[in-house]
Amino acid sequence: METWDFVIVGAGAAGRALAAGLAAGGKKRILVLESGHGAAHPSRRGIRPHILEFDHWSAVGCSGWAPEDVLPHFKCVEADAEFGQLPPHGSKGPIKVSRTPEADWSNVDWGFRSAALEEGHPWAPNHNAPGVLGVSPLARGKEDSGPWARTLFGDEQRHGGISLRGGVLVDRILWDGNRAAGVIARHGGHSQSFFAGEVLLCAGAVGSPAVLQRSGIGPPEVLRRAGVVPLIDSPVGIGLQTHPRVVVASGSAEISGSRSFGMLARWNTGLEATGSGDMMAWTVNRQQSISDRDWRLGAPPGFRALVVGALAQVFSRGRTAIGSADPGVKPVLEPALLSHPLDRIRSRLMYRHLSNLISRPEFRDALGAVTDESGRPWRFGMTDIEVDGWAETAFQPAGHHSSSCRMGGPSDPAAVVDPQCRVYGVKGVRVVDASIFPTMVRADPWLTEAVVGSRAARLIAASEEKVSNPLVFTPTTEILR
């Protein structure tokens, strides 16, 4: 019966950073389980949240996650081609960050830049600099970390102290009393157990809560409806957040420089309770969008370019819940987009801001005829009541989620994990991905997910150093469930 030091469920940005951090000492045996068969990672938006967002994390009970705690990890995970030598940035990390040279910008990018400047956005060469707002070349992030980025793995690939297995659908956690003994999963058409001293869930803000719920941790009424015996009453799945986004599509204009990664604008609404950079919009060129797996866009067939607007700061909260104990049945998502009054008000502001941008002559000439996501002509000059009705279908989930296993202190009734990422009520289980964000970051969450993995690896290593005579966990033969 093979036993690992750590089993990591999920090979996303957080899981990969976590595995690399844990393996750095060279003494741990780490197994990474991934439901897919590949670890090829296309370019994605390399957008940092403003570092002062983490003041809020600290304020709500996430001790050890203040700006000064996480900034070193942002520097650690990135290699910024243009700004890597500046103090807030890194130059040696696994995520290569770059921006399209000016000579390769598309006419749509030039038009967006011109329109944004006319609308009052300042020019900002580096949108990842602390506190910066304005219009910028959109940073592209691409992982370059050996087998993580290039290997298509089947049954098993080994990299240092890390073993990777693809095609593994994790069902639930195995328990020995109230301690995790490993996981049970479907692999190669069969059920298989993987034993470990600690289980680290990095399956994302939908996958991680689903594993916990199938393991008996969650709202009891949700578990019973799914045929799962409740073990721990926990708000798992409650508080889910996602960025609401709306699309302006162009289908008629010819685009030059279609390999450009695009432009980004970040700005404030200034409404009470909102933070810096609570809104953002960016351009997407058709060729670039093919590998645009996050922020999935259901654009009309034949589109040539897109302008995407998103509420970067999210106040609405939904939930995710399993509907069955079968891991092959997808969880139910209730994102509750625009359910909070501040999100509803800012959806109107986003509509008006995008309308103003695409009305500017230089940008309008680059775009040609514009439509919404359904292919209907873009409607200018709608009233607030008309916008509210239109927004119900025009705004869609951006394609990623957070905050379904929130981090917080022991007195926080909404918290699922503590500031060490440990699941309350049990031993030997941590969650390390976007699901632990107290709130969705005001940026694409990808870089922050990698930072969470890197930070968690440091916390785990520090906790082990405090134990002078650590016990080697050996599962008993009478493992529960």
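**Strand pairing and helix contact in the predicted model**

Along strand E7, which spans residues 140-143, the side chains alternate between two faces: Gly 141 and Glu 143 point to one face and are buried, whereas Arg 140 and Lys 142 point to the other and are not buried. The model described here is a predicted one. Strand E7 has an antiparallel pairing with strand E3 (residues 44-45), made over two bridges, and in this pairing Arg 45 has Arg 140 of E7 as its bridge partner. An antiparallel pairing also joins E7 to strand E5 (residues 95-98), in this case over four bridges, with Gly 141 of E7 serving as the bridge partner of Val 97. Arg 140, the bridge partner of Arg 45, thus belongs to the face of E7 that is not buried, while Gly 141, the bridge partner of Val 97, belongs to the buried face.

For the chain as a whole, the secondary structure comes to twelve helices and 24 strands. Of its 481 residues, 56% are buried, and the accessible surface comes to about 18,900 Å², of which carbon and sulfur atoms contribute 53%. Among contacts with a separation of 6 or more, 70% are between residues that lie 24 or more positions apart in the chain.

Strand E16 (residues 244-250) is largely enclosed by the rest of the structure, because seven of its seven residues are buried. Two sets of side chains can be distinguished by direction, with Pro 244, Val 246, Val 248 and Ser 250 pointing one way from E16 and Arg 245, Val 247 and Ala 249 pointing the other way, and all of these are buried. E16 pairs with strand E19 (residues 305-311) in the antiparallel sense over six bridges, and the partner of Ser 250 in that strand is Ala 305. Two bridges connect E16 with strand E22 (residues 370-371), again in the antiparallel sense, and here Ser 250 stands opposite Val 370. Strand E23 (residues 396-397) is likewise an antiparallel partner of E16 over two bridges, in which Arg 245 is matched with Gln 396. Ser 250 therefore takes part in bridging to Ala 305 of E19 and stands opposite Val 370 of E22, and its side chain is buried on the face of E16 that also carries Pro 244, Val 246 and Val 248.Strand E1 (residues 3-9) is mostly covered, with five of its seven residues buried. Its pairing with strand E12 (residues 190-201) is parallel and extends over six bridges, and Thr 3 has Phe 195 of E12 as its bridge partner. E1 also pairs in the parallel sense with strand E2 (residues 30-33), over four bridges, and Ile 8 is partnered there by Val 32.

Among the helices, H9 (residues 341-359) and H11 (residues 384-394) have axes that come within 10 Å and cross at roughly 100°, which means that H9 is roughly perpendicular to H11. On the H9 side the contact involves Arg 344, Ser 347, Arg 348, Tyr 351 and Arg 352, which meet Asp 384, Val 387, Asp 388, Trp 390, Ala 391 and Glu 392 of H11. By residue class, the contact of H9 with H11 divides into four nonpolar, one polar and six charged residues.

Notes:
Residues are numbered from 1 along each chain as its sequence is written. This is a predicted model: local features need pLDDT of at least 70, side-chain atom pairs count only at pLDDT 80 or more; totals for chains, interfaces and linings use all residues. Side-chain values use heavy atoms; hydrogens and water are left out. Buried means under 20% relative accessible area, exposed over 50%, partly exposed in between (1.4 Å probe, protein chains only). Two strands pair if DSSP finds at least two bridges between them. Axes are lines fitted to C-alpha atoms, for helices over the stretch in contact, and angles run from 0 to 180 degrees between N-to-C directions. Angles under 35 degrees count as roughly parallel, over 145 as roughly antiparallel, 65 to 115 as roughly perpendicular and the rest as oblique. Contact means heavy atoms within 4.5 Å. Ala, Val, Leu, Ile, Met, Phe, Trp, Tyr, Cys and Pro count as nonpolar, Asp, Glu, Lys and Arg as charged, and the others, Gly among them, as polar. Accessible areas come from the Shrake-Rupley method with a 1.4 Å probe; for residues, only the protein chains shown count as cover.
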